[in-house]
Amino acid sequence: MLGFTFHETIVPAALDGTRMFPGGAPSRLLALSRSSSTRPATATPLFFSTPRLPSFWVGVSYPTQSKPPPHSTRRRSSKNSFLSISSSDQLISDLIVIDPRRMDEQLYMVASDSENTCEDKGQSAFHDVAVGIDLGTSKCSVAVWSGAGVELLKNTQNQKTMRSYVMFGDDVPVGGASEVRAYAEDQILSGSAIFNVKRLIGRSDKDPIIHGSKILPFLVQTLDIGVRPLIAALANNVWRSITPEEVLAIVLAELKTMAEIKLKRPIRNVVLTVPAAFSRFQQTRVERACAMAGLHVLRLMPEPTAVALLYAQHQQQSLHENMGSGCEKVALIFNIGAGYCDVAVTATAGGVSQIKALLGCTLGGEDILQNVVYHLLPNFDTLYPNHDTNKIRSLALLRIAAQEAIHKLSSQSSVQINLKLPDGTQIDKILDQSEFEDVNRNVFEKCEKLVRQCLFDHKVSVEDIDDVILVGGCSRIPKIKNLVLGICRKEKEFNGVDAFEAAVTGAAIEGAIASGVTDPFGNLDLLTIQATPQSLGIRVEGGGFVSVIPRNTAIPARKDMLFTTARDDQTEALIVVYEGDAKCAEENHLMGYFKVSGIPSAPKGTVEISISMDIDAGNVLRVFGGAIVPGANHSVTPFMEVIMPMLDDGHDWCAQALVKANGSLDVATMPKKSQP
Amino acid sequence: MSSAMPTFAGASSLSAQPAVSTRPRAMVAVAMAVGSGRAAPKSLYQVLQVAETATTREIKVAYRSMAKRLHPDALPQGGGSGAADFIEIRRAYEMLADPAARARYDWSLSQKRWKLPSGRLGRSDSDRLSARFGRWETDQCW
């Protein structure tokens, strides 16, 4: 809920750049400094503390003297007042977490010229190019277009990919990107660090993924009523609660700081990759986290589509002479990381990559890891029923052992596991390839189903697929590799992309294109035509779901459909908008609702209610609705226009309440032939 | 002639029920004005700027090159008419790149061209015709 704190407690005095220092500031203060056009952006610190982190200060400062980039809101118009803060001309370039007691140590004074490794000439021309961020469940990375190609940025430990976690030790919250001191795996698994946030964000406490996450070392508490789960990290023997958005914001802010040190300029615009399985509601949570970190999201790209863009660039480079001749290449992109699995089919020619089918599910290395943990100690839950230190330590040891075993099994046929748990339980096991595959059969079956469904959606047989691209950490597991290649009847995977860097590279290319960078060699003369990964529609009489924009429709899109009243003399209709592909509305994600009123009194089934859905290029969904006069071209009353998703937290709970309270305002479908 | 202009697909999830509608299709007037302001509706071939004899391959190339110009991502900030142009070429492309849908469209186009101006085939006939052939578009075909 930091987002709201941000919004509601802006101190007017702080808006004109007043410096706020922690010594004199009350403990729950939020100040926002912004650079006005009359004053150059100099080091203007900004401090605020979140109610969730009472003992820490979160500070924002400008480490460099460079000019603020001209603000570009080309892609994404602000959806709500909160985001509009970040899209104004304020320039927050550096969010760091500082303990007030140590303020004078200047933990993050960054603008030292000597440690910069990027060539300055190349940078000057690209001073406001958006960076690409791949925020993975387990690892994250940042890349930027540097003029000649995409460059992955390294942290102080010289790592290109960093663990996505935030450690709440007895000191300051630290994420994986800064790695001021590198935490060992068992420290990360001690309950003090929050990780796997991407699996937790934007989910209600009835979600099976949330329940599955209770096996993680940190605390995930649920009430099972459809509200947000409580997540807490162990700091000084206290479970301190935090929201997934805040954790993500800290990770993003660190990545931002890291990129600013490397590029010696403020970073504001980003292109972020998200899983295809993310609901629109989850996407708003990611946007909120970005806004908290002072980042402006130009585009949220489903991960496989970022890879598709990279593939399109490869095709463009290798088939330069054939450009525009209609030589079309079809590729299947399979991406499986730690938390999510996505499949896309893309058709590429002449630099235009068209996403023909896109599908994702919450499935990944975490599920494989949990399967192996339960395989090693089947009665784990009964041995350690409570979330006490014993359980956490055993779990940490098991996770580390399981992870190592999985990694080794990618290259060898069997692995020996010897483990002694704190309570004396000794585990000695030899895990071989076939046993591993057996343990994870559910995961592999789901992968197979997902690929087949995606091919089915695309309505083209496997013979038409030219390339199979496998990316993501878990795509290195031999079984998964063989499975996907087997379905596509291919001998080899496409070897032009790096499995770990493809998504972030694609995001950086998109960032450059979106920032208006042109390349003399045509390397950025690319276009991705995105598709909707899930159907969008409304609830009809009897709880059914009717899609208005079906899955895999090209974006931007606009469709409309006629509905009618379900009852005689019904003067109001409740339009409940869902996202998903289940036939029953309640199994889909609720996005919002509104009432169409002023419907003329008439027998049921005769009035026409028009529902239009519009997705613009920035992927903003608008739903229009109103009753129209049959045979005429105008509406009875002014139409409603609602941006979705309009719901905040508690959407699951809201869905139940909606159904219970408003059953008499249902709409019904119109016969197919009278649809426009 | 809004009655003869295909508008939107997307009714695929509805159960088929007897068609009785012979009235003009209601066009929604809210911000839905694809192609409004034009004197005469363009044919889908005119939209894609290809000949009516164009091959599927030529249509794909035309679509792609137009998409590169008209997709909102490719437009300079605030330029062009936003998404409407792209949606229009996309709709034309989806129809023409699918051989079956294209054949139906060609046929209806020839009907309209030859029969309608002479007045021998009235509105109800053309509506019957479109009712018989159902939706003119497929949901996705590329």
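**Strand E26 and the surroundings of Ser475 in chain A**

In the predicted model, A:Leu574 of strand E26(A) stands opposite A:Lys595 in E27(A). This pair belongs to two strands, E26(A) and E27 (residues 589–596) of chain A, that are joined in the antiparallel sense over seven bridges. Strand E26(A) also runs antiparallel to strand E23 (residues 536–540) of chain A, to which three bridges connect it. Here A:Leu536 is the residue that stands opposite A:Glu579 in E26(A).

Strand E26, which spans residues 573–579 of chain A, is mostly covered, with seven of its seven residues buried. Burial extends to both faces of the strand: one side carries A:Ala573, A:Ile575, A:Val577 and A:Glu579, and the other carries A:Leu574, A:Val576 and A:Tyr578. A:Glu579, opposite A:Leu536, is thus among the buried residues of E26(A).

A second site concerns A:Ser475, which is placed in the loop that links strand E21 (467–471) to helix H16 (478–487) of chain A. A:Ser475 counts as buried because its relative accessibility is 0%, under the 20% cut-off. Its side chain reaches the backbone oxygen of A:Gly472 at 2.6 Å. When neighbours within four places in sequence are left aside, the residues in contact with A:Ser475 are A:Ile336, A:Leu470, A:Ile480, A:Lys481 and A:Ala499. A further relation across the sequence involves A:Cys341: its C-alpha atom and that of A:Ser475 are separated by 9.7 Å, although the two residues are 134 residues apart along the chain.

Note on methods: Residues numbered from 1 in each chain as written. Chains lettered and ligands numbered in written order. Predicted model: local features only at pLDDT ≥ 70, side-chain atom pairs only at ≥ 80, totals over all residues. Heavy atoms only, no water. Helix = DSSP H or I, 4+ residues; strand = E, 2+ residues; numbered from the N terminus. Buried < 20%, exposed > 50% of the residue type's maximum accessible area, 1.4 Å probe, protein only. Contact = heavy atoms within 4.5 Å. Polar contact = N/O pair within 3.5 Å; in protein donor to acceptor, adjacent residues only side chain to side chain. Pairing = 2+ DSSP bridges.
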